[in-house]
Amino acid sequence: MGNLANIIGYQCVWFAAVLGASCGLAWAGPAAAAVFAAIELRRSPHLRLDAKLIATCLAVGVVVDGTMALGGIVRYASPGPALAAPVWILSIWVAFGLTLAHSLAFLQRRPWLAAVAGAAGGPLAYLGAARLGAVAFERPGLIAVAFAWTLAMPLLATCARDRRAVRERAA
């Protein structure tokens, strides 16, 4: 039940962020992410790992979406400061960090599956956001998203492997 609640909570953050951005309410994503993080961190058996994953995903999001913004590869509704990833999309990255040791934990020891999930899931998320008016891009932008997520997912899944947490789960 915990993993189901985790993935549903993440999806709620995604929709709040994307719909908020498309309606000019950039604060909706960060607000939803804050609520989701408070709930998940309160019930998490490994706070240190979750905190590390939040920070790592936020850093990856700043680089990936910041690079796409800087290069004009993806145009964001409710943009942030010049040449930076908007705060609403960074809130999605923060929430995503809270799935890696929970609902997406099965990817931790399967880097090829993580790469395939990234190659498919990243572009699908951006296509969904485009349909809802939060992002815009041309075909090369979608290819860049697929490439970035194909690299990011195995990296993030590997970061989610915490030997102490794995031992605690086994005990």
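In this predicted model, E40 is buried, with a relative accessibility of 3%. Burial here means a relative accessible area under 20%, so E40 falls well within that class at 3%. E40 forms a salt bridge with R43. The closest N and O atoms of E40 and R43 are 3.2 Å apart. Both residues belong to helix α2, which spans residues 28-43. Three residues separate E40 from R43, about one turn of the helix. R43 counts as partly exposed, because its relative accessibility is 40%. The pair thus joins a buried residue to a partly exposed one.

Side chains of opposite charge can pair when their charged atoms come close. Across the whole structure, the search finds two salt bridges. R75 and E138 also form a salt bridge, with their closest N and O atoms 3.9 Å apart. R75 sits in strand β1, and E138 sits in the loop between β2 and α6, so this pair ties together parts that are 63 residues apart in sequence. R75 is partly exposed, at 43% relative accessible area. E138 is exposed, at 54%.

Helix α6 covers residues 139-159 and holds 21 residues. From its first C-alpha to its last, α6 reaches 30 Å. That span is close to the 30 Å expected at 1.5 Å a residue. Buried residues of α6 include G141, V145, A146, A148 and W149. A152, M153, P154, L156 and A157 of α6 are buried too. The buried residues of α6 pack against three helices, namely α3 (47-70), α4 and α5. They also pack against strands β1 (74-76) and β2 (135-137).

Within helix α5 lies A129. A129 is buried, because its relative accessible area is 4%. Beyond residues up to four places away in sequence, A129 touches W14, V18, A134 and V135. One of these, V18, is 111 residues from A129 along the chain. The C-alpha atoms of A129 and V18 are nevertheless separated by 6.0 Å.

T99 is found in the loop between α4 (87-97) and α5 (111-131). Although T99 is a loop residue, T99 counts as buried, at 0% relative accessibility. Its contacts, leaving aside neighbours within four places in sequence, are N6, Y10, L104 and A105.

Technical notes
Residues numbered from 1 in each chain as written. Predicted model: local features only at pLDDT ≥ 70, side-chain atom pairs only at ≥ 80, totals over all residues. Heavy atoms only, no water. Helix = DSSP H or I, 4+ residues; strand = E, 2+ residues; numbered from the N terminus. Buried < 20%, exposed > 50% of the residue type's maximum accessible area, 1.4 Å probe, protein only. Contact = heavy atoms within 4.5 Å. Expected span 1.5 Å × (residues − 1). Salt bridge = Lys/Arg side-chain N within 4 Å of Asp/Glu carboxyl O.
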